Amino acid sequence: MTTENQLGLYLKDRRARLDPKAFGLSGRRRTPGLRREEVAQRANISATWYTWLEQGRGGAPSADVLDRIARALMLTDAEREHLFLVGLGRQPEVRYAAAEGVTPRLQRVLDAFELSPALVKTPTWDVVAWNRAAAVVLTDYGALPPEARNILRLIFLDPRVRAAQFDWQGVARFVVAAFRADVARAGAAAKAEALVEELCRSSPEFAAMWRDNDVRRYGEGLKQLHHPAAGPIAFEYSAFSVDGRPDLGMVVYNPATAEDAERVRALIDGSRIAPRAER
């Protein structure tokens, strides 16, 4: 790694890539991109201070200044993250944005898991995509209105989902703790507030567990279900982040044994369900 002024080099490069005409700026220019004073004006900082940043002078900028520069330079989320890493040595604070569904490519990834139920959820645990195995084994999300496709609502308010858990108390406590961690990590507390209030009113059990303030990571583990048609089925589950989509996480449930896989196959073969992701 070079000891050069990484922040200054990065700012110069991003500045040079911007087209002045796109900002209504005209006139002949000796170099491509916006001028330093133009970026400073867009970021609402002094031209002298911005010049010092490019020159590696004046010390480290504040997070607020970097955020304004990121907007001025129209950086993508990945570029903004890199700006903070070279400027402050850390990632920026999380900016929560509600999910808008998944791409066809990500849906095809889910569909490739023939015998493994797989789904994509938001930080507030709304299910926005799933595969056929998930619809057959877990929940027919396609038959539910979008607002009902929430894992916490299903665990605490749906008797069928509750009955399918081998240890409902243990599952419910784990879900609440992992949900709390996901919401905090994504900066989605305000978004989750209405859901938490609704569940506190509707479920005394949820209200009690929420007051415990437990926090858990979802990660990986073993999940056991009692399917009303196939009987007990065990899965090894793993949770993954979706690259480029900090608002989404994917969970895959792999049958724990060959016998479990055969139970899933029998359910899928006997089903005509054709789930689709919310678009």
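Modeller: A residue is called buried when its relative accessible area is under 20%, and exposed when it is over 50%. The model discussed here is predicted.

Biologist: How many residues of H10 are buried?
Modeller: Helix H10 covers residues 168-186. Counting as buried means staying under 20% relative accessible area. By that cut-off H10 is mostly covered, and of its 19 residues the number buried is 14.

Biologist: Why do the end C-alpha atoms of helix H10 agree with its expected span, and how far apart are they?
Modeller: The expected span is 1.5 Å times one less than the number of residues. For the 19 residues of H10 that rule gives 27 Å, so the helix agrees with it, its end C-alpha atoms being apart by 26 Å.

Biologist: Which residue follows H10, and what is the sign of its phi?
Modeller: Helix H10 ends at residue 186. The residue that follows H10 is Gly187, with a phi near 65 degrees, and the sign is positive.

Biologist: How many helices and strands make up the secondary structure of the chain?
Modeller: H10 is one of the helices, at residues 168-186. The whole chain comes to 13 helices, and the strands number five.

Biologist: In what order do the strands of the open sheet stand?
Modeller: The sheet is open, with five strands paired in the antiparallel sense. Its edges are S2 (127-130) and S3 (220-227), each of which pairs on one side only. Neighbouring strands are turned by 30 degrees against each other on average, direction ignored. Read from S2, the order is S2-S1-S5-S4-S3.

Biologist: Which residue in S2 stands opposite Leu119?
Modeller: Strand S1, residues 118-121, pairs with S2 in the antiparallel sense, over three bridges. Opposite Leu119, in S2, stands Trp130.

Biologist: How many residues lie between S3 and S4 in their hairpin?
Modeller: S3 and S4 run antiparallel and are joined by eight bridges. Across this pair, Gly221 stands opposite Tyr237 in S4. The two strands form a hairpin, and the number of residues between them is three.

Biologist: Which residue takes a positive phi in the hairpin of S4 and S5?
Modeller: S4 and S5 are an antiparallel pair with eight bridges. One bridge has Phe240 facing its partner in S5, Met250. The hairpin has two residues between the strands, and the residue with a positive phi, near 80 degrees, is Gly244.

Biologist: At about what angle to S2 does helix H6 run?
Modeller: Helix H6, residues 104-111, lies across S1, S2, S4 (231-242) and S5 (245-255). Relative to S2, the helix runs at about 60 degrees.

Biologist: Is Leu106 buried or exposed?
Modeller: Leu106 sits in helix H6. Leaving aside residues up to four places away in sequence, Leu106 touches Val120 and Val242. Because its relative accessibility is 14%, Leu106 counts as buried.

Biologist: Is Asp67 buried or exposed?
Modeller: Asp67 belongs to helix H4, residues 63-72. Its C-alpha is 9.9 Å from that of Glu81, 14 residues apart in sequence. With a relative accessible area of 17%, Asp67 is therefore buried.

Biologist: Which loop holds Asn44?
Modeller: Most residues other than glycine have a negative phi. Asn44 is not a glycine, yet its phi is positive, about 60 degrees. Asn44 counts as exposed because its relative accessibility is 60%. Its place is the loop between helix H2 (36-43) and helix H3 (47-55).

Biologist: Trp125 also has a positive phi. Is Trp125 buried or exposed?
Modeller: Phi of Trp125 is near 65 degrees, and the residue is not a glycine. Trp125 is in the loop between S1 and S2. Its relative accessibility is 1%, so Trp125 counts as buried.

Biologist: What radius of gyration does the chain have, against that of a compact globule?
Modeller: The C-alpha trace spans about 75 × 40 × 35 Å along its principal axes. A compact globule of 279 residues would have a radius of gyration near 19 Å, while the chain has 24 Å.

Biologist: What percentage of the residues in the chain is buried?
Modeller: The accessible surface of the chain is about 15300 Å², and carbon and sulfur atoms hold 50% of it. Of the contacts with a separation of 6 or more, 56% join residues 24 or more positions apart. Among the 279 residues, the buried ones make up 44%.

Methods
Residues are numbered from 1 along each chain as its sequence is written. This is a predicted model: local features need pLDDT of at least 70, side-chain atom pairs count only at pLDDT 80 or more; totals for chains, interfaces and linings use all residues. Side-chain values use heavy atoms; hydrogens and water are left out. Two strands pair if DSSP finds at least two bridges between them. Helices (H or I, at least four residues) and strands (E, at least two) are DSSP runs, numbered from the N terminus. Axes are lines fitted to C-alpha atoms, for helices over the stretch in contact, and angles run from 0 to 180 degrees between N-to-C directions. Contact means heavy atoms within 4.5 Å. Buried means under 20% relative accessible area, exposed over 50%, partly exposed in between (1.4 Å probe, protein chains only). The radius of gyration is taken over C-alpha atoms; the globule rule is 2.2 Å times the number of residues to the power 0.38. Accessible areas come from the Shrake-Rupley method with a 1.4 Å probe; for residues, only the protein chains shown count as cover.
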